[in-house]
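Trainee: Could we go through this one together, with me asking and you reasoning aloud?

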2 protein chains.
Amino acid sequence: MKRRALLSLTAGVSALASGCAAVSSPASAPSPAAVQGTGDLGVVIERAAGALTLVNTSSRSIYGRVTGLGDLSHASVVFSRDARFAYIFGRDGAVTRVDILTQRITHRVLQAGNSIGGAISADGTLIVAQNYTPGGIKVFDAATLELLADVPAAMADGKRSRVVGLADLPQRRFVYSLFDAGAICIADLSDPRKPQITTLPDIGKQPYDALVSPNGRHYIAGLFGEDGLAMVDLWQSEPRVARILADYGRGEKPLPVYKMPHLRGWAIAGRHAYLPAVGRHEVLIVDTSTWAEVGRIAVAGQPVFVMARPDGRQVWVNFSVPDYHRVQVIDTPSQQVVQTIEPGRAVLHMEFTPRGESVWISCRDDNRVQVYDTHTLTLQASLAVDAPSGIFFTARAQRMGF
Amino acid sequence: MKRRALLSLTAGVSALASGCAAVSSPASAPSPAAVQGTGDLGVVIERAAGALTLVNTSSRSIYGRVTGLGDLSHASVVFSRDARFAYIFGRDGAVTRVDILTQRITHRVLQAGNSIGGAISADGTLIVAQNYTPGGIKVFDAATLELLADVPAAMADGKRSRVVGLADLPQRRFVYSLFDAGAICIADLSDPRKPQITTLPDIGKQPYDALVSPNGRHYIAGLFGEDGLAMVDLWQSEPRVARILADYGRGEKPLPVYKMPHLRGWAIAGRHAYLPAVGRHEVLIVDTSTWAEVGRIAVAGQPVFVMARPDGRQVWVNFSVPDYHRVQVIDTPSQQVVQTIEPGRAVLHMEFTPRGESVWISCRDDNRVQVYDTHTLTLQASLAVDAPSGIFFTARAQRMGF
């Protein structure tokens with residue numbers, strides 16, 4: 001997100017009720033349900049139309065569409081344990097549960113004025129939304145979207161902090177960061193109506209995004225208000241915050257940053273993490289045993305997503321304006337850029353198939369999703385999708401930290 | 001497997017045709033198909049009855065059963081990309097394709113006299129079976145089980161070698177070991193009717209099992225005829241065999257080995273691999289950057305499966321006779337046994353749910369599958385299953401090397 005955009009997020013919020021308003025009229029008509037496996041399905045966000053395109057990664061084709069999802073200009077998706085239901089968190093504060101088999105909305109709540117994403121518990125029973133307006137998190141029954149808890153993230157002055165960087169942890173716990181309070185919170189929702197919150201204060205100024213390492217051990221928050229990153233080792237019996245990569249950020253002479261990189265797009269491949277440098281045409285290489293920088297790779301623009309193929313042998317990078325027609329491929333054993341492709345205009349997101357044989361790439365301004373063979377870089381399919389942004393495959397149901 | 005059992009495997013083979021005999025009469029009656037997700041389903045092998053118990057890991061319950069699968073005294077399972085079809089490789093050389101939604105057999109071929117497992121390509125189009133009698137591999141269309149190629153693994157003397165340690169690699173390639181020829185083969189099946197085989201000879205005597213690391217990079221074969229392990233770095237442009245862990249094996253004064261440990265059950269957690277010691281009451285710790293042993297952990301018996309919870313924070317161990325009523329839990333940060341449980345008699349297999357919150361354990365002689373919370377070790381469910389052995393969840397569809 002742009003610095004300016006982030007700081008003015010509260011400005012355009014409409015007077016929506018901050019409670020949960022159930023929407024009773026699904027906007028999309030039900031389609032005949034299919035008896036089919038769900039292991040190879042996924043959804044593509046149509047950010048302009050507020051719709052989902054439903055896709056099959058075996059046939060590399062579109063099999064359906066669901067409309068009526070509201071403002072999806074920033075949206076994220078998690079899946080139920082059975083890989084049948086997609087939960088869509090929209091910018092407008094709506095959480096929508098979509099049945100990707102019957103292709104209809106089953107539940108929808110307007111739960112906040114402005115929201116930035118959500119998560120699902122490992123046991124599949126709880127959905128948590130992280131909110132900007134009003135700040136805090138809300139906890140829902142995953143089957144019904146009934147509100148179970150409202151955790152306001154109140155600060156000393158009584159105001160609520162905006163919440164970012166939400167991720168699921170084992171045992172119905174969740175971790176998130178407070179943008180306005182400079183804190184990291186761990187919520188224990190083992191009794192979801194009685195949340196137990198542990199707050200780690202003084203982590204640094206304005207955490208703007210965060211990630212959990214694939215094994216669920218390290219939670220790392222990027223700081224908007226200063227350089228460096230805040231890290232928590234969640235396997236410690238009493239987790240504390242450490243500061244890592246003191247130079248990570250904009251530095252003393254801030255560079256123009258066209259889009260703050262997504263931390264969620266960090267790649268951890270083998271013992272190294274690959275990070276988008278802020279404002280620079282570089283990908284940083286970090287040793288995950290020491291969390292020290294061990295190298296840099298020059299790339300074609302300001303990196304946004306830096307994503308590892310599931311086997312970690314390749315890292316794929318997309319870029320902010322004006323270089324967002326390109327995608328580069330880094331070979332991790334040699335730590336070199338080995339390929340540059342131009343999939344289309346305005347590449348916004350990439351998603352690998354679960355075993356990494358293909359990558360799906362959203363090209364918003366061409367209204368295309370392009371599918372490439374990751375080994376040969378052959379174009380395998382080109383699908384017409386209206387202004388595609390995020391791509392989410394059901395395999396996410398089976399991974400932590402999403 | 002016992003040494004004696006392995007070496008006499010060819011003795012009891014019946015006079016089945018070595019070709020592919022299609023079986024046209026599914027032994028199980030079709031059940032009404034359900035519209036449901038398949039992300040949380042799985043199968044349990046009933047080794048005595050030659051049947052599958054179908055299970056749901058969200059409700060922790062049994063939802064169906066499929067019979068007529070032949071000799072499942074040693075069986076393994078892979079899943080289709082869509083997580084709807086299970087392919088069962090039986091000891092009797094049969095490959096059976098089961099629809100876990102409609103709960104019936106869709107295809108079944110008797111493709112060998114004695115078989116020890118199989119694999120599926122990342123793109124989901126090819127099934128490969130590894131065979132003892134006659135030796136070699138066979139390649140099938142995953143949708144129809146039509147035979148596409150028969151690769152005999154012929155040796156210099158014209159005989160066929162038994163094949164073990166089969167695993168899938170990217171790009172429709174497969175890797176396997178030749179027990180009788182002391183070789184590792186890589187089959188390129190990009191044109192499945194014209195297999196291209198690369199053979200790496202002189203890897204050591206009698207490879208009896210093998211594994212691929214979770215990232216698909218390292219293939220490691222255990223040797224029955226000598227100490228040490230054969231390893232191939234599959235990311236090299238021209239893969240070669242290196243010998244690692246020279247002391248791994250039975251040593252100069254062979255210990256009584258009640259059951260050869262499954263290499264497939266190695267745990268790789270973080271930078272360490274945890275291996276069952278052969279014949280000893282120990283789990284070995286190996287650094288995966290050097291492949292040198294860096295420690296040993298004393299355990300309650302001869303380990304069989306040493307399996308990492310998906311997050312790598314725990315390693316679970318089961319044992320051979322006479323200690324196979326116990327299961328131990330190793331905490332990987334401290335590298336210590338932290339729990340010992342007794343789930344039932346004759347623990348044969350364990351399977352973690354995809355995000356690791358539960359583990360399912362087969363207790364053959366109690367006719368029970370026990371489900372534990374991996375964090376609290378609370379028993380979450382106890383399911384009646386006739387002589388259960390292998391447990392396989394659909395999330396395997398999305399991982400390499402299975």
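Trainee: Are Trp316(A) and Phe352(A) buried or exposed?

Mentor: First, a heads-up: this is a predicted model, where local features need pLDDT of at least 70, side-chain atom pairs count only at pLDDT 80 or more, and totals for chains, interfaces and linings use all residues. Residues are numbered from 1 along each chain as its sequence is written, chains are lettered from A and ligands numbered from 1 in the order written, and side-chain values use heavy atoms, leaving out hydrogens and water. Buried means under 20% relative accessible area, exposed over 50%, and partly exposed in between (1.4 Å probe, protein chains only). By that yardstick, Trp316(A) and Phe352(A) are both buried.

Trainee: How are the planes of Trp360(B) and Phe393(B) arranged in their pair?

Mentor: Rings of Phe, Tyr and Trp (its six-membered ring) pair if their centres lie within 6.5 Å; planes under 30 degrees apart are stacked, over 60 edge-to-face, and the rest tilted. Here the ring centres are 5.4 Å apart and the planes stand at 85°, so the pair is edge-to-face.

Trainee: What rotation superposes chain A on chain B?

Mentor: The copies are superposed by least squares on the C-alpha atoms of residues with pLDDT of at least 70 in both. The fit has an RMSD of 0.0 Å, with 0.0 Å of shift along the axis, and the rotation is 180°. The two copies are thus related as by a two-fold rotation axis.

Trainee: Which residue of chain A comes closest to the rotation axis?

Mentor: Go by the C-alpha here. At 2.5 Å from the axis, the residue is Val35(A).
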